[in-house]
Amino acid sequence: MARQNKKPVPKQRSFWKRCVKYRSLILMSLPGLIAVFIFSYIPMYGILIAFQDYNPVEGMFGHNNWVGFKYFKQFLQNPYLFRLIRNTLLLGIYTLLWSFPAPIIFALLMDQLTNAKFKKTVQSISYLPYFISTVVIVGLVKDFCSVDGVINGIREFFGLNAVSFMTDPKYFRTIFIASNIWQGLGWGAIVYLAALSGVDPQLHEAATLDGANRWQRIRYVSWPAIVPTTTIMLILESGKIISSDFTKVLLLYNESTYETADIIGTYVYREGILGGKFEYTTAIGLLTSLFSFILLITANFLSKKISDNSLW
Amino acid sequence: MNKKTKIKLSLSDRIFNAVNIFIMLVIMAVMLAPIIHVVCVSFSLGSEIQKGGLFLWPHGFTLEGYKKVLQDHMIVRSYINTVIYAFSHTALVIILTALTAYPLTIKDFPLRKGITIFITITMFFSGGAIPTYLLMKELHLINNPLVMVVPFVVTAYNLILFRTFFEGIDPCMRESARIDGAGEFRILIQIIMPLSKAIIAAVSLFTIVGKWNDWYSALIYLNSEAYYPVQMILRKILFNSTVFAQMDPSVMQMFRNSTITPANIQMATIVVIMLPIMCIYPFIQKYFAAGVMVGGVKG
């Protein structure tokens, strides 16, 4: 075949001819595409059971009776609906409020370090927690926050009473977000550091010559360089407000902290996977993803209006 | 630091630097303290742990905790499971992603656009937790160790990473190989892959770490303890205080007479699980640029 193509053909040949020519490439990409189709597309089709009565014998593809919005209505009549939505939203909003700015501030401060070796060390150490599994992180949290743990040890040292952090709903969100920051601070900063490394050092020098102090240089030289990245990250994070990492909540919560800790993700796990209410929880899942998609689009729209930065 | 800045370092600058360095030292301490604490407890004498007040420094020294961990069949078996899952999953990821990404780099390939759209859609839409669970049920993957290996081997992020890297390879390499009579499979295996060691290493390392730390898929898909990855066993050891009570009475007797407590075993297990990650860590660091790229792709 290679011999026939001695001269480059200026005109593109027809679709089918090219398909024949590149059949080995099609064959090559087939296994991957099948994998994507099975594990990503079939579950999308599976969303249909939110509108059906699922029959375990028939399975996902079998003949299931259509029931319309029955399960959506059931969710809206759930006595815990308010608590679930409140917990999910508050956990997401507080996470955005605290976990989002932390890496930005950290990156800006790290960028101001003059000693390259020290900077590298700080970076390496701050990434470390990102690679520790959720199970270990939550295990550490439980150990540190237990009644005879380190934190209560410090409290006692200052003459304060020991607190049962893990069973008091008051502390759940703080613990969740603090451990999130501990784990994600360094990793989250990478994107911003990359943007900051693109700043021409001459800009900093010029600003210094013009008499700008450190704060002014951060404010007027470094910060504008990371605004686009920050906006994009903010848009992406805003879509996640209602999808906090429920697997971590699963490990961290217990029945005594449901009041603040039980979120939609954990509820779906309990009712769906443990309770077998597949249609009901699929309906909840569909509502959640619709809502988070709307959030993402709204955030993108607002950002386009305000700052000219957007995902698409 | 060059000479120029050294001359003109005002007082406020020096204060800023001092405060900044102090903050960084505090952050480093906060990041490292819990990890050091775990290591210390794992080595400490049980009697000292029970006294409490132990922090950042081992009290006494014992290897009994590690001995118990390495002798425990449940832990060792799950550890082997995790190694098998991590490596076979990663091998599949690399092979299938490379095979799917390569055709996308050929300008004339007729399905290029279609496949790109097909893949991109999965970045924004998914079936969600329950339909995915039901699919695994249909595929008879529930309580089947393959569920830890086969699902989600091809993801949009990895595919974009591979495609971008392949596109950076000089197309002349491919052309000349083709003129020499090599087929597409041969070009990919003998020309492209050897030139893509960096991206293969980066994606492999991240995939291995991800699988190593994965416990949730095991929680929902696996029932038999024989198939559990080590993170599930760790979860049991850490969070289920009755585990030790369920143990052999002789084991409990051993705790009573020996120098260690359950905390030794818990912390020693954590160390044994984290150790490989900590060993891979310096190598992963080299590829953080790729991690940033994933972030950039997301954005």
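Let us start where the two chains meet: between chain B and chain A there are 3 salt bridges. Keep in mind as we go that this is a predicted model. One salt bridge to look for joins the side chains of Lys21(A) and Asp108(B), at 3.9 Å from N to O. That pair counts because a salt bridge here needs the nitrogen within 4 Å of the carboxyl oxygen.

On chain B's side that touches chain A, helix H2, residues 11–43, gives the most, with 17 residues. The residues on this side of chain B divide into 61 nonpolar, 13 polar and 8 charged. Stepping back to the whole interface, 82 residues of chain B are in contact with 84 residues of chain A. Together the two chains bury about 7800 Å², and 80% of that area is on carbon and sulfur atoms. Polar contacts also cross the interface, with 12 residue pairs found.

Now turn to the aromatic rings. A pair of such rings is described by the distance of the centres and the angle of the planes. Over all chains, the count comes to 33 aromatic pairs. One of them is formed by Phe157(A) and Phe158(A), which sit edge-to-face, 5.4 Å centre to centre with 85 degrees between the planes. Both Phe157(A) and Phe158(A) are exposed. Trp215(B) and Tyr216(B) also make an edge-to-face pair, at 6.0 Å centre to centre and 80 degrees between the planes. Here Trp215(B) and Tyr216(B) are both buried.

To finish, find a cluster that draws on both chains: ring pairs link Tyr130(A), Phe131(A) and Trp187(A) with Phe206(B) and Tyr281(B).

Conventions:
Residues are numbered from 1 along each chain as its sequence is written. Chains are lettered from A and ligands numbered from 1 in the order in which they are written. This is a predicted model: local features need pLDDT of at least 70, side-chain atom pairs count only at pLDDT 80 or more; totals for chains, interfaces and linings use all residues. Side-chain values use heavy atoms; hydrogens and water are left out. Contact means heavy atoms within 4.5 Å. Buried area is the accessible area (1.4 Å probe) that two parts lose on being put together, summed over both. A polar contact is a pair of N or O atoms within 3.5 Å; within protein, one must be able to donate a hydrogen and the other to accept it, and residues adjacent in sequence count only if both atoms are side-chain atoms. Helices (H or I, at least four residues) and strands (E, at least two) are DSSP runs, numbered from the N terminus. Ala, Val, Leu, Ile, Met, Phe, Trp, Tyr, Cys and Pro count as nonpolar, Asp, Glu, Lys and Arg as charged, and the others, Gly among them, as polar. Rings of Phe, Tyr and Trp (its six-membered ring) pair if their centres lie within 6.5 Å; planes under 30 degrees apart count as stacked, over 60 as edge-to-face and the rest as tilted. Buried means under 20% relative accessible area, exposed over 50%, partly exposed in between (1.4 Å probe, protein chains only).
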